[in-house]
Amino acid sequence: MGWSEVATRSHARRLEREGWLERSPMTWGDGSLFLATRKGVLMLGVPLIPASTPAPTCWAHDSACAWTAAWLTIRGRMFLGQREVLGRPEWSGQLHWQDRNSFKRSGHRPDLVAWRDSSRFAIEVELAGKSRPRLDAILKLHDDWIRSGQIGGVIYICGNEEGQRRVARSAQRVAPFGHKLRLELLDTIKQETIAAREPSGANARFSLPLPRSR
């Protein structure tokens, strides 16, 4: 939003005092997560269910999703955030996979959905390593959505290079994604987002090279 850190902290305190924003402190040194309260959501006038206070096990994932949203915002991309995706039934898919003991089934939604022109792109924040069969099932769902035209591609935001390699290996097993799969490191998108807000980069135009949809 173009604010300095001091101004941002001041605005956050004002929103807290009004009861529109809730602060959720994380581990010492990691800062806090902020979430809109029920009152804040009503003031926004958007048809969303307010988020509950995140459990410590969700801190890293919620923080990574917030960084991803900032990364998209700084580039002027339209997107659906976590709460918006939850409210859209078209972004709920079914997973089917076999583990060592039994056949599994569960629902799945991407963490965010971004737009480029008329194409939509699913975004997955992958920090915790999933079992190979479950990860394959998620990528199979994205491949089905690509084939049906629901999405033009998928972006994975990974916590480390091993996570990137896991996703890449899974994609090789599932389908020939080619340029419709993009892998990014969380640290990289953080650096790019911060750099875009530095004085030297504040007036620069940044583009987000989403997977090509053709």
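How many residues does helix H1 have, and how far does it reach from its first C-alpha to its last? Helix H1 covers residues 5-18, which makes 14 residues, and it reaches 20 Å, close to the 20 Å expected at 1.5 Å a residue. Please keep in mind as you look around that this is a predicted model. The tour below goes from helices to cores, then to a pocket and a handful of individual residues.

**Helices and what follows them**

- Just after H1 comes Gly19, which takes a positive phi of about 80 degrees.
- Helix H3 runs over residues 59-74, and its 16 residues should span 22 Å at 1.5 Å a residue. The C-alpha atoms at its ends are 22 Å apart, so the model agrees with that expectation.
- If you would like to see which side of H3 is covered, look for its buried residues: Trp59, Ser63, Ala64, Cys65, Thr68, Ala69, Trp71 and Leu72.
- H3, too, is followed by a glycine with a positive phi: Gly76, near 70 degrees.

**The nonpolar cores**

- The largest nonpolar core has 23 residues, and the members that touch the most others are Trp91, Leu139, Tyr156 and Phe177.
- Four elements each supply at least two residues of this core: strand S4 (93-98), helix H5 (132-148), strand S8 (153-158) and helix H6 (161-174).
- H5 provides the largest share of this core, with 7 residues.
- Leu139 touches Tyr156, Val167, Ser170, Ala171, Val174 and Phe177, leaving aside residues up to four places away in sequence.
- A second, separate core holds 13 residues, among them Val125, Ile155, Ile157 and Ile189.

**Ile189 and its surroundings**

- Ile189 belongs to helix H7, which spans residues 186-197.
- Is Ile189 buried or exposed? Its relative accessibility is 0%, so Ile189 counts as buried.
- Beyond residues up to four places away in sequence, Ile189 touches Trp67, Thr68, Trp71, Ile157 and Glu184. Two of these partners, Thr68 and Trp71, are listed among the buried residues of H3.
- From Ile189 to Leu139 the C-alpha distance is 22 Å, with their positions 50 residues apart in sequence.

**Val174 and Arg132**

- Val174 sits in helix H6, and its contacts include Leu139, along with Asp136 and Lys140, when residues up to four places away in sequence are not counted.
- With 23% relative accessibility, Val174 counts as partly exposed, because that class lies between the 20% and 50% cut-offs.
- Val174 and Ser119 are 55 residues apart along the chain, and their C-alpha atoms are separated by 22 Å.
- Arg132 has its place in helix H5, and at 56% relative accessibility Arg132 counts as exposed.
- The C-alpha atoms of Arg132 and Trp97 are separated by 9.6 Å, while the two residues are 35 residues apart along the chain.

**Ser24 and Thr37**

- Ser24 is found in strand S1, residues 21-25, and is buried, with a relative accessible area of 5%.
- What does Ser24 touch, not counting residues up to four places away in sequence? The partners are Ser32, Leu33, Leu35, Thr53, Pro54 and Trp59. Trp59 is itself one of the buried residues of H3.
- Thr37 lies in the loop between strand S2 (32-36) and helix H2 (38-44).
- Although Thr37 is in a loop, it is buried, with a relative accessible area of 18%. That value falls in the buried class because the cut-off is under 20%.
- The contacts of Thr37 are with Gly19, Trp20, Leu21, Glu22 and Pro50, again leaving out residues up to four places away in sequence. Gly19 is the residue just after H1 that takes a positive phi.

**An exposed loop residue with positive phi**

- Asp117 lies in the loop between strand S6 (112-116) and strand S7 (119-126).
- The phi of Asp117 is positive, about 55 degrees, although the residue is not a glycine.
- Asp117 counts as exposed, at 75% relative accessibility.

**The second largest pocket**

- This pocket has a volume of about 170 Å³.
- Its lining is made by Pro47, Leu48, Ile49, Arg83, Glu84, Leu86, Gly87 and Arg88.
- By type, the lining of this pocket divides into 4 nonpolar, 1 polar and 3 charged residues.

Conventions: Residues are numbered from 1 along each chain as its sequence is written. This is a predicted model: local features need pLDDT of at least 70, side-chain atom pairs count only at pLDDT 80 or more; totals for chains, interfaces and linings use all residues. Side-chain values use heavy atoms; hydrogens and water are left out. The expected span of a helix is 1.5 Å times one less than its number of residues. Buried means under 20% relative accessible area, exposed over 50%, partly exposed in between (1.4 Å probe, protein chains only). A nonpolar core is a set of buried Ala, Val, Leu, Ile, Met, Phe, Trp, Tyr and Cys residues joined through side-chain atoms within 4.5 Å. Contact means heavy atoms within 4.5 Å. On a 1 Å grid over the protein atoms alone, a cavity is a set of points where a 1.4 Å probe fits but cannot get out, and a pocket is an open set with protein on both sides within 12 Å along at least five of seven lines; lining residues have an atom within 4 Å of a point. Grid points are joined across faces, edges and corners, and a volume is the space filled by probe spheres set on the points. Ala, Val, Leu, Ile, Met, Phe, Trp, Tyr, Cys and Pro count as nonpolar, Asp, Glu, Lys and Arg as charged, and the others, Gly among them, as polar.
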